[in-house]
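I opened a new model today and kept notes as I went. These are the entries, in the order I wrote them.

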2 protein chains.
Amino acid sequence: MHDRRQSAVPDIESLMGQFHAYLSKKQLKSTRQRDLIAQKFFAAHGHISIEELLTLSRAENPRIGYATVYRTLKLLAECGLAAQRRFGDGQTMYETAGDTEHHDHLICIECQHVLEFQNDDIEHEQERVARSFGFSLVRHRLELYGLCPRARGIKGGWCPNEEQRKLSD
Amino acid sequence: MHDRRQSAVPDIESLMGQFHAYLSKKQLKSTRQRDLIAQKFFAAHGHISIEELLTLSRAENPRIGYATVYRTLKLLAECGLAAQRRFGDGQTMYETAGDTEHHDHLICIECQHVLEFQNDDIEHEQERVARSFGFSLVRHRLELYGLCPRARGIKGGWCPNEEQRKLSD
DNA sequence: GTCCCTGCAAACTATTTGCACCGGG
DNA sequence: CCCGGTGCAAATAGTTTGCAGGGAC
């Protein structure tokens, strides 16, 4: 079987290290705000929107502004630690990148929750398709949209969104 | 082999017919503007942005407004004839849908051109992954980003963008 | 004739930018 | 100290909406 649910969680320290390394290489400064936003971003470790990140950051420093969050996320994207992602609906989300192996997304169109998965067969086949067109494959993006067990009406069915709530209690 | 490069090109007449059927079913009206915009959209048959569609439509009727294009495209999306798509860069694109079988995208990150492909093995494997999480799969989105032969530096290499130019001459 | 549709402009939302002041190196 | 960073507010880009007049059925 070629599926793996989730790769190892990278530790925040190391990510902050990479971020600081990038900043000093580019002669940019580490500031309280940047560190705070990056911390919160790495800690969320999943999919987070600008709005959510701002809220989390303001919990510790209420004077953080939208612009700073945008600017910091742009920096994180430049050094490959964050990736912008726009799912079907409106909201632009960001996720950590570079740290973990590649993963794809499975999204419930009812409860909106996003799961991650990896499947080597699909990856190999993608490689083969690209080659058949004479392309070399650099990256890809795969999103599966469907209904989670709960949304399908299976009684007692598992719903990723409720799992999530349990975790955050 | 399970790849198919491109499904049959649907004819515009039939698409317009489907559109009109949807309109009358919903007791909505066929108007000059809607027909013009839908015609241009179907004729483009590939990936087109609101902006481009407006420009094309204004070539024949300069008084067409943005709002009408947005509203018409929303109608086309409702009846499954158009699908919104946001590739990595900023621009929101629309493409014809419903006409042909499902297809995925292969995009050259150098020349930006978009090819379409289908691969049944990948589709089946996606189905399997969704089931393994207890999900029922409704739709998906797969984009492969890479370098076309020309961009890879293969001399005399084939470049989708040049093929395109040849066609439009 | 009745509503729906259109074009325009104003409203909104998400994101970026200009600028005076602040603070890290 | 210097120059980049921050916060605010204003600007911008993309999309939606309200409304008065026009057109399909």
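What follows is my list of look-ups, grouped by place.

**Ground rules**

I am working with a predicted model, in which local features need pLDDT of at least 70, side-chain atom pairs count only at pLDDT 80 or more, and totals for chains, interfaces and linings use all residues. Residues are numbered from 1 along each chain as its sequence is written, chains are lettered from A and ligands numbered from 1 in the order in which they are written, and side-chain values use heavy atoms, with hydrogens and water left out.

**Entry 1: the cysteines of chain A**

I began with the record. An unreviewed UniProt entry lists Cys108(A), Cys111(A) and Cys148(A) under "binding site". I noted that UniProt positions are given in the numbering used here, that feature names are shortened, and that annotations may be inferred rather than shown by experiment. How far apart are the listed residues in space? They are spread over 41 residues of sequence, yet they cluster, with a largest C-alpha distance of 8.0 Å.

I then placed two of them. Cys108(A) sits in strand 5 of chain A, residues 104–108. Cys111(A) is in the loop between strand 5 and strand 6 (114–119) of chain A. Helices (H or I, at least four residues) and strands (E, at least two) are DSSP runs, numbered from the N terminus.

Are these two buried or exposed? Cys108(A) is buried, because its relative accessibility is 0%. Cys111(A) also counts as buried, at 18%. The scale: buried means under 20% relative accessible area, exposed over 50%, partly exposed in between, with a 1.4 Å probe and protein chains only.

I listed what Cys108(A) touches, leaving aside neighbours within four places in sequence. Contact means heavy atoms within 4.5 Å. Among its contacts are His113(A), Cys148(A) and, from the other chain, Phe135(B).

**Entry 2: DNA strand C**

Next I went to the DNA. A residue is near a strand if one of its heavy atoms lies within 4 Å of it. I found 19 residues around DNA strand C, and the closest are Arg32(A), Tyr70(A), Thr31(B), Arg34(B) and Thr68(B). Sugar and phosphate make up 73% of the strand C atoms that come within 4 Å of the protein.

I looked up individual atom pairs, where a polar contact is a pair of N or O atoms within 3.5 Å; within protein, one must be able to donate a hydrogen and the other to accept it, and residues adjacent in sequence count only if both atoms are side-chain atoms. A side-chain N or O atom of Thr31(B) is 2.6 Å from a phosphate oxygen of strand C. For Thr92(A), a polar side-chain atom is 3.2 Å from a phosphate oxygen. Arg71(B) meets a base instead: a polar side-chain atom lies 3.0 Å from a base nitrogen.

Which element gives the largest share of this surface? Helix 4 of chain A does, with 4 residues.

**Entry 3: DNA strand D**

I repeated the search for strand D. Again 19 residues surround it, and Thr31(A), Gln33(A), Arg34(A), Thr68(A) and Tyr70(B) come nearest. Of the strand D atoms within 4 Å of the protein, 75% belong to sugar or phosphate and the rest to bases.

Thr68(A) has a side-chain N or O atom 2.6 Å from a phosphate oxygen of strand D. Thr92(B) places a polar side-chain atom 3.2 Å from a phosphate oxygen. A polar backbone atom of Ser30(B) is 3.5 Å from a sugar or linking oxygen. Helix 4 of chain B gives the largest share of this surface, 4 residues.

**Entry 4: strand 4 of chain B**

I checked strand 4 of chain B, residues 92–96. It is largely enclosed by the rest of the structure, because 4 of its 5 residues are buried. Two strands pair if DSSP finds at least two bridges between them. Strand 2 (residues 47–49) of chain B runs antiparallel to strand 4, with 3 bridges. Tyr94(B) is the bridge partner of Ile48(B). Strand 3 (residues 82–86) is also antiparallel to strand 4, with 5 bridges. There Arg86(B) stands opposite Thr92(B).

**Entry 5: Gln126(A)**

My last stop was helix 5 of chain A, residues 120–132, which holds Gln126(A). Gln126(A) is buried, at 0% relative accessible area. Its side chain makes a polar contact of 3.0 Å with the side chain of His140(A). Not counting residues up to four places away in sequence, Gln126(A) also touches chain B, including Ile122(B), Leu142(B) and Leu144(B).
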